[in-house]
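Open your viewer, switch on the cartoon view and keep the selection tool at hand. We will go from stop to stop, and at each one you will hear what to select and what is there.

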Amino acid sequence: MSLFTSFDINGSGLTAQRFRMDIISENIANANTTRDEDGDPYVRKVVTFSEKGTQTPFSKILNQRLDNYSGKGVKVTTVQEDTKTQMNIVYDPSHPDADEDGYVTYPNVNIVTEMTNLIDASNAYQANATAFNASKQIAQMGLTMGQGG
């Protein structure tokens, strides 16, 4: 593994975690959005990561030379709506988005869960930044080796 590969890995981790924090922030901002542009309540979004640079066996053989130069690390695979968590149904007949029975469908966003995920993403971002800085210091020390003083 070359030194530049570690920069690629740490950089991809920084980018992925920043994107995850953006999606979490979007979830928090829309926690009370009962109607989007389509008239439906906002649905929580979840980010999925996968290993960067993986290929199917045929394409890996076909692109063997290019695979040596592809970045390693992590990439955002999908941003999906969370359909497993139930929406929050609240009785509020005075709300403009209430149904005929007086119930309002609020997004399936739990602020505690989102804040926990935000802390997790922030810690992962910080870990990647620390590893990136350590790699940078190693590279700088390698450049100064042999320059006796």
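Start by selecting Y91, which counts as exposed at 53% relative accessibility, just past the cut-off of over 50% for that word. Keep in mind as you look that this is a predicted model.

Now add Y103 to the selection. The ring centres of Y91 and Y103 lie 5.2 Å apart and their planes meet at 65°, so the pair is edge-to-face. Y91 sits in strand 3 (residues 88-91) and Y103 in strand 4 (residues 103-106), so this pair links parts of the chain that are distant, twelve residues apart. Y103 is partly exposed, with a relative accessible area of 38%.

**Stop two: another pair of rings**

How many aromatic pairs does a search of the whole structure find? There are two aromatic pairs. For the other stop of this kind, select F7 and F132, whose pair is tilted, with 5.0 Å from centre to centre and 45° between the planes. F7 belongs to helix 1 and F132 to helix 4, and 125 residues separate them. Is F7 buried or exposed? F7 is buried, with a relative accessible area of 18%, while F132 counts as partly exposed at 27%.

**Stop three: helix 4**

You have just touched helix 4, so select the whole of it, residues 111-144. Try the distance tool on its two end C-alpha atoms: they are 49 Å apart. At 1.5 Å a residue, the 34 residues of helix 4 should span 50 Å, which agrees.

Next, colour the buried residues of helix 4, which are E114, A121, N128, A129 and S135. Then step back to N110, which caps the N-terminal end of helix 4. One of the side-chain oxygens of N110 lies 2.9 Å from the backbone nitrogen of V112.

**Stop four: the charged pairs**

Side chains of opposite charge can pair when their charged atoms come close. The structure holds five salt bridges, and we will visit some of them.

Begin with R20 and D120, whose closest N and O atoms are 3.0 Å apart in a salt bridge. R20 is in helix 1 (residues 3-29) and D120 in helix 4, and the two are 100 residues apart. R20 is buried, with a relative accessible area of 15%, whereas D120 is partly exposed at 42%.

Now select K45 and E26. Their side chains meet in a salt bridge, with 2.8 Å from N to O. K45 lies in strand 1 (residues 45-51) and E26 in helix 1, so the pair ties together parts that are 19 residues apart in sequence. Both partners count as partly exposed: K45 has a relative accessible area of 22%, and E26 comes to 28%.

Move one selection on, to R44 and E114. These side chains form a salt bridge at 2.4 Å from N to O. R44 is in the loop between helix 1 and strand 1, while E114 is in helix 4, so the bridge ties together parts that are 70 residues apart in sequence. R44 counts as buried at 13% relative accessibility, and E114 counts as buried at 1%. Keep both selected and add D82: R44, D82 and E114 are linked in a network of salt bridges.

**Stop five: a loop**

Where does T83 lie? Select T83 and you will find it in the loop between strand 2 (74-81) and strand 3. T83 is exposed, with a relative accessible area of 69%. Then pick N108 as well: the C-alpha atoms of T83 and N108 are separated by 8.8 Å, although their positions lie 25 residues apart along the chain.

**Last stop: the whole chain**

Clear the selection and zoom out. The chain has four helices and four strands, and from the N terminus on the elements run α-β-α-α-β-β-β-α. Buried residues make up 26% of the 149 residues. Switch on the surface view for the final look: the accessible surface comes to about 10300 Å², of which 54% belongs to carbon and sulfur atoms. Among contacts between residues at least 6 apart in sequence, 66% join residues at least 24 apart.

Terms used. Residues are numbered from 1 along each chain as its sequence is written. This is a predicted model: local features need pLDDT of at least 70, side-chain atom pairs count only at pLDDT 80 or more; totals for chains, interfaces and linings use all residues. Side-chain values use heavy atoms; hydrogens and water are left out. A salt bridge is a side-chain nitrogen of Lys or Arg within 4 Å of a carboxyl oxygen of Asp or Glu. Buried means under 20% relative accessible area, exposed over 50%, partly exposed in between (1.4 Å probe, protein chains only). Contact means heavy atoms within 4.5 Å. Accessible areas come from the Shrake-Rupley method with a 1.4 Å probe; for residues, only the protein chains shown count as cover. The expected span of a helix is 1.5 Å times one less than its number of residues. A polar contact is a pair of N or O atoms within 3.5 Å; within protein, one must be able to donate a hydrogen and the other to accept it, and residues adjacent in sequence count only if both atoms are side-chain atoms. Rings of Phe, Tyr and Trp (its six-membered ring) pair if their centres lie within 6.5 Å; planes under 30 degrees apart count as stacked, over 60 as edge-to-face and the rest as tilted.
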